[in-house]
Each structure stands twice: as C-alpha cells, then as structure tokens.
Amino acid sequence: MTAPLARTIGEFAAKVDPPERVRADVPPRILDVLGNALAAYAEPGADAAPAAIRAMRRWGGVRESTVLGYGDRLPAPSAAFVNGVLAHSLDYDDTHLPSVLHPSASVVPAALAAAEAGAPGDLIAAIAAGIEVTNRLGMAGCDPDTGANLYFERGQHATSICGTIGAAVAVARLYELDAGRIADAVGIAASMGAGVLEANRTGGSVKRAHCGWAAHGGVVAATLAAEGLTGPPTVLEGRFGFFTAHTGRLDAAAVTDALGERWEVLRTVFKPYPSNHFTHAGIDCALALRAAGLDPDDVTGIELGVAEPVLRTIAEPAAEKARPRTGYHAKFSGPYTVAVALTGGTGLGVGLDDFAGLDPRRLELAGKVRVVADPAATAAFPRAFAGVLRVRTRSGHLLEHRVDSSRGGPGHPLRADEVTAKFTGNATRALDAGMVEALAAAVWALDAGGPVSALFRTGETVFRDAK
C-alpha cells in the first residue's frame with residue numbers, strides 16, 4: 001500500500017542528509033534572502049514591512065527571534081512574518097523552474113526564526129528539505145499539456161501556498177520531530193497557506209506579505225505539531241485535500257519521484273533584476289539592443305514577444321501595464337521594464353533604484369510597447385523564460401533580439417561573484433560595510449556549525465545603527 005504523500009514527505013525530511021552539493025547551495029540562498037530583506041528595509045516609501053513590524057509590535061510577546069533591519073526581538077512566528085515580508089517585498093527573490101515559485105523567501109525566514117529561538121536541528125538540512133518540498137509541490141501544479149501553472153490559473157499564489165508547507169517542514173526538521181509529526185506539520189500547514197494574485201494585475205502591496213504569512217504559518221504549524229495537534233494523513237491527495245483545492249489534479253510523482261536523490265533545490269535560480277521574473281527576457285533583449293547602439297529617442301514602436309501563459313501577469317490589463325500606478329506595480333509590467341532597460345538601468349543591468357518612482361520618459365516609452373505571445377517562448381515555458389524584442393526606429397529600421405533563456409536562468413546562471421555582489425549591493429543599503437562583511441562571514445560559517453545568533457548579534461549590534 002502506498003504511503004500518504006504527507007507521510008512520504010515526513011520520512012524524507014526526518015532522515016535526509018543532503019549531499020555536499022546541496023548543502024553548499026543553501027548558504028548563498030540565505031545570503032540572498034538577507035540581502036533582499038535588508039534592501040527592502042531601507043526602501044524609501046515602502047509600506048508593507050513598516051505595516052508588518054507595527055502590527056507585530058502591537059501584539060508583542062516573548063523576545064525569541066530578531067527582525068532584520070529593525071532589530072526587534074519578537075516571538076518566532078512574528079519575526080518570521082516580518083522577515084518574510086521583507087524577503088519578498090522587492091520581488092528580487094530566487095525562482096524555481098518549472099514551478100515558477102519563490103521558495104527561499106518563505107522557508108529561510110521561518111527556519112532562521114526557529115533556529116534563533118532555540119530549535120536544535122541541522123539548519124542547512126532543514127532549509128534544503130523545506131525548499132525541496134516547496135518546489136515539488138509547485139511542480140505538481142504544472143499542466144503537462146500546456147505548461148501553465150494551475151495555481152496561477154485559479155488566481156492563487158503558489159509561492160505562499162506551497163511555501164507555507166515547505167516552511168513547516170523546515171521548522172519541524174529543526175525541532176527534530178519524527179516522520180509522523182512532520183507529516184502532521186504538513187497537514188496543519190495545508191490549512192494555513194494562502195495568497196491571491198490580483199495585486200500582480202492591478203496593484204496593491206499585499207502580495208509583499210505573502211511570504212511573510214507563509215513563514216509565520218510554517219513556524220506555527222510545526223510548533224502545533226510538536227505540541228500534539230494532528231493533520232489529516234491524506235491532506236495532499238485526499239478528496240478534500242490540498243491538490244483538489246488548489247490545482248484540481250493530482251500529480252503525486254512530481255512530489256515523490258527520486259525524492260532525496262534528484263534535488264529540485266539545485267534548479268532554483270537567482271534573480272539578476274528586482275522585478276517579476278517573467279519580465280527578465282524582455283529586459284535582457286532591451287539591454288542587448290541598447291548595448292548595440294539603439295537610441296531610445298529613435299524608437300517609434302516596440303513588440304515584446306513572451307510565453308503566452310505570462311501575458312496575464314506582465315501584459316494585462318494593457319492600460320495598467322503601459323502606465324503602472326507605482327514603482328512596485330511597474331515591476332510586473334513588461335512595457336515599463338523594457339523601457340527601463342532601454343533607457344539605462346542600474347545594478348546588474350536593471351536595479352532597485354529604477355523602481356524608486358515612475359519616470360515620465362520611461363512611461364512614454366512604455367506606451368509604445370505591445371506585448372504578444374511568441375511561439376518559441378511559449379514552447380520553452382516554464383522550463384525557461386525566453387523572449388524576443390522587435391523595435392522599429394524613425395529611420396524605418398526593424399531591430400530584433402531574442403533570448404532562449406533569461407539571464408540567471410537555465411544555461412545562464414549567475415556566477416558566485418555576481419550573487420555575492422548582489423547581496424553586498426542590497427545589504428549596504430541598510431548596513432555599513434563592516435556589518436555587511438560580518439553578516440556574510442556568519443552565513444558562510446553556518447554549514448561548519450556557526451551559530452545562528454551570529455547573524456543577528458541579538459539585534460542590538462548589527463541592526464541598532466541600521467540606516
């Protein structure tokens with residue numbers, strides 16, 4: 001008799017000893033999360049993280065875990081919530097393909113909060129297991145015929161829905177629960193994951209809180225399981241279970257095939273640009289045309305070709321995407337991100353400062369962009385984000401550039417020094433250079449048994465003088 005999926009996950013998480021290549025992959029993900037979170041803390045005019053910290057301060061509680069940037073020590077679920085909000089706020093967090101979700105921004109804040117609060121388990125193994133489960137649950141939502149993400153088709157945010165369960169698995173492993181209790185944590189967390197994606201289309205900052213809520217839910221679910229609350233054994237595959245609710249189909253193999261042998265963690269890519277990942281192929285094309293000498297003032301029309309399933313995220317409604325309401329909203333606009341790249345970006349090509357506000361010149365250029373479905377990009381999706389940009393100039397020339405996979409994606413991963421440079425650039429927006437160097441050293445020491453407390457220094461040294 002086949003074991004329930006939650007039990008299979010529990011057996012995996014309780015016993016797994018990740019191979020060295022997987023263990024080595026985890027510290028850069030922690031580093032990326034910390035850098036993204038600190039940059040979000042320092043972001044001018046941000047509303048999500050300030051709202052989150054004010055709410056958690058109102059609730060108060062035991063001083064267990066540190067909030068990045070702010071330095072507050074709060075109950076572990078509350079610290080995980082704020083840190084998860086920070087980690088996802090800039091849309092700069094890593095992405096797994098083909099599930100097209102962002103696993104680390106939920107799993108890492110939950111695991112760090114629980115570890116700092118005293119959970120004794122192997123932090124690196126716990127994070128690896130939590131990310132692996134998150135990715136595999138996301139893969140189970142891929143339509144094998146169309147490549148479409150069935151969570152997204154229903155307006156649901158797979159990142160936060162799957163991330164809640166992944167975060168619970170990570171924390172349960174840190175608590176050193178047995179397989180049955182980890183299965184219970186999965187069953188409990190399945191009742192806590194949520195996230196609606198309408199903010200991608202028409203604005204609102206609630207999406208920034210999705211990974212925070214997932215991290216919070218993961219800590220709570222694992223803690224409740226440790227204290228004896230139980231979950232339904234068939235919570236994932238059952239008639240009224242997770243997949244019935246969220247995807248309408250069951251792909252058990254996506255969850256269990258070669259679990260612990262083939263690691264989906266390793267297919268989780270780092271973002272070079274702080275915008276929705278579906279915009280990255282267009283950014284790459286625009287940067288290439290600009291590098292070849294294209295003058296944006298000479299442009300009369302632009303056609304951006306992308307995978308058909310991503311149109312609803314970065315192209316619709318057309319009027320909203322051509323003229324986004326805020327800098328954050330602009331991160332989900334194919335037209336505006338192309339305009340940013342054509343007019344000169346920052347950072348690794350397009351950076352955080354490019355979304356600090358809406359530039360009139362870029363809005364004018366965005367109004368010239370038409371986004372269409374491209375057959376080649378559609379065929380590559382969701383294994384890679386491909387695209388093509390065609391630009392017509394005043395002189396009548398038609399310029400074209402195509403990418404088969406966006407920078408940072410399959411075949412074009414960011415180098416280790418680029419990941420480090422991204423972290424440094426992000427973290428120095430909030431901390432001085434010495435603090436950033438100490439924080440990075442503490443992260444690299446984790447796999448050798450370095451203390452989690454060194455990441456935070458109780459919040460009174462590292463973050464007391466945050467900008």
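Modeller: Let's start with a term: a polar contact is a pair of N or O atoms within 3.5 Å, one able to donate a hydrogen and the other to accept it. Keep in mind that this is a predicted model.

Biologist: Happy to. What makes the pair E418 and R407 a polar contact?

Modeller: Their side chains come to 2.9 Å, and the cut-off is 3.5 Å, so the pair qualifies as a polar contact.

Biologist: Where is E418 placed, and why is E418 called buried or exposed?

Modeller: E418 sits in helix 21, residues 416-427. Its relative accessibility is 11%. Buried means under 20%, so E418 counts as buried.

Biologist: Thanks! What makes helix 9 largely enclosed by the rest of the structure?

Modeller: Helix 9 spans residues 179-189, and 9 of its 11 residues are buried, so the rest of the structure largely encloses it. Among the buried ones are I182, D184 and V186.

Biologist: And what covers those buried residues of helix 9?

Modeller: The cover includes helix 1 (5-15), helix 8 (158-174) and helix 11 (210-226). At the start of helix 9, a side-chain oxygen of D178 also reaches to within 3.2 Å of the backbone nitrogen of G180.

Biologist: Let's turn to the backbone. What is notable about phi at V100 and A258?

Modeller: Neither residue is a glycine, yet phi is positive: about 60° for V100 and about 55° for A258. V100 is in the loop between strand 3 (95-96) and helix 5 (104-116), while A258 is in the loop between helix 13 (252-256) and strand 4 (268-269).

Biologist: How do you know whether V100 and A258 are buried, partly exposed or exposed?

Modeller: V100 has 6% relative accessibility, and the limit for buried is under 20%, so V100 is buried. A258 has 30%; exposed needs over 50%, so A258 falls in between and is partly exposed.

Biologist: Which peptide bonds involving P317 and P382 are cis?

Modeller: The bond from E316 to P317 is cis, with omega near -10°, and the bond from F381 to P382 is cis, with omega near 0°. P317 belongs to the loop between helix 15 (311-314) and helix 16 (318-322), and P382 to the loop between helix 20 (375-380) and strand 7 (387-393).

Biologist: Finally, how do you know how the protein's radius of gyration fits a compact globule?

Modeller: For 467 residues, a compact globule would have a radius of gyration near 23 Å; the protein has 21 Å, so the two agree. Buried residues make up 61% of the 467.

Technical notes:
Residues are numbered from 1 along each chain as its sequence is written. This is a predicted model: local features need pLDDT of at least 70, side-chain atom pairs count only at pLDDT 80 or more; totals for chains, interfaces and linings use all residues. Side-chain values use heavy atoms; hydrogens and water are left out. The radius of gyration is taken over C-alpha atoms; the globule rule is 2.2 Å times the number of residues to the power 0.38. Buried means under 20% relative accessible area, exposed over 50%, partly exposed in between (1.4 Å probe, protein chains only). Helices (H or I, at least four residues) and strands (E, at least two) are DSSP runs, numbered from the N terminus. Contact means heavy atoms within 4.5 Å.
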